[in-house]
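Work through the exercises below with the sequence and the model side by side. Each task is followed by a solution in steps.

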Amino acid sequence: MEVCGRASELLAVCVWLGGWLCALASTILPHWLSMSTELLAIESYQLGLWETCVVQDIGGMECRSYDSLLGLSYDLKLGRILMCASLATGMLGLLVTIPGMQMVNSCRDGDGGDGGGRQVKRTLVMLGGVLGVLSGILCLIPVSYVAHLAVLRFFDKALPAMVPRWEFGDALFCGWAAGFLLCAAGVLLLVTASLESGRRPRPRLQYRYEARGGELTTGKRSEYV
């Protein structure tokens with residue numbers, strides 16, 4: 001059971017790290033929305049949280065940052081805030097989880113301990129799991145909201161058919177993957193910590209030396225730690 005717990009924690013941390021890197025890539029990349037027009041078939045436009053880019057078929061790409069923060073649309077402001085919050089929460093949760101892993105030699109009981117170190121490690125893992133789920137939710141909200149607005153504008157019948165419309169970019173799919181990976185890692189940590197809390201610690205055999213009648217005798221006793 002202890003080996004399975006260690007493997008589950010290691011798997012959760014690896015999934016967490018992959019999800020966090022995907023969230024970072026989704027935040028940085030200017031490919032949240034893409035648009036191509038029939039008038040300029042050799043060019044396409046990419047929209048991100050921090051800049052807009054013009055991509056040419058010949059391989060050229062020119063990007064320009066937004067001029068004003070206050071002039072941004074509501075969905076871009078929300079995306080910036082929540083994605084940065086997701087990255088910060090994910091990093092904090094990862095830093096909390098690593099010391100609580102069973103394979104890390106920290107917060108362990110010494111000889112004759114009463115299990116306080118085990119309880120601290122379990123608490124750290126559960127706290128990290130909660131932060132992982134929260135980080136995934138914070139990542140899914142702006143990605144899903146931007147995708148929802150893109151769908152509404154794409155099927156808006158009030159706009160003429162010749163008007164180009166924004167479509168899903170690669171960063172949206174990367175953000176969805178990041179959110180689900182972070183949530184999966186957090187849930188796995190919570191399940192592992194819950195199963196660990198229901199397991200009773202094994203008795204540790206200790207040797208006791210007693211002097212009787214000038215002779216040294218050795219005995220064994222089992223104590224719960």
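Two residues are in contact when heavy atoms of theirs lie within 4.5 Å. The model is a predicted one: local features need pLDDT of at least 70, side-chain atom pairs count only at pLDDT 80 or more, and totals for chains, interfaces and linings use all residues. Residues are numbered from 1 along each chain as its sequence is written, and side-chain values use heavy atoms, with hydrogens and water left out.

**Exercise 1.** List the helices and strands of the chain in order.

Solution. Start with the rule: helices (H or I, at least four residues) and strands (E, at least two) are DSSP runs, numbered from the N terminus. Counting them gives four helices and seven strands. Read from the N terminus, their order is α-β-β-β-β-α-α-β-α-β-β.

**Exercise 2.** State what share of the chain is buried and what share of the contacts join residues at least 24 apart.

Solution. Buried means under 20% relative accessible area, exposed means over 50%, and partly exposed lies in between (1.4 Å probe, protein chains only). By this rule 36% of the 225 residues count as buried. Next, take the contacts between residues at least 6 apart in sequence; 61% of these join residues at least 24 apart.

**Exercise 3.** Place S34 in its element, decide whether S34 is buried or exposed, and name its contacts.

Solution. S34 belongs to strand β1, which covers residues 33-36. Its relative accessible area is 18%, so S34 is buried. With neighbours within four places in sequence set aside, S34 touches Y45 and Q46, and also R165, W166, E167, F168 and G169.

**Exercise 4.** Find how many aromatic pairs the structure has, and classify the pair of F154 and F155 and that of F168 and F173.

Solution. Rings of Phe, Tyr and Trp (its six-membered ring) pair if their centres lie within 6.5 Å; planes under 30 degrees apart count as stacked, over 60 as edge-to-face and the rest as tilted. Searching the whole structure gives five aromatic pairs. For F154 and F155 the centres are 5.1 Å apart and the planes stand at 75°, so this pair is edge-to-face. F154 has 32% relative accessibility and therefore counts as partly exposed, while F155, at 59%, is exposed. F168 and F173 are also an edge-to-face pair, with 6.3 Å centre to centre and 70° between the planes. F168 is partly exposed at 34%, and F173 is partly exposed at 47%. Finally, F168 and F173 join W176 in one aromatic cluster.
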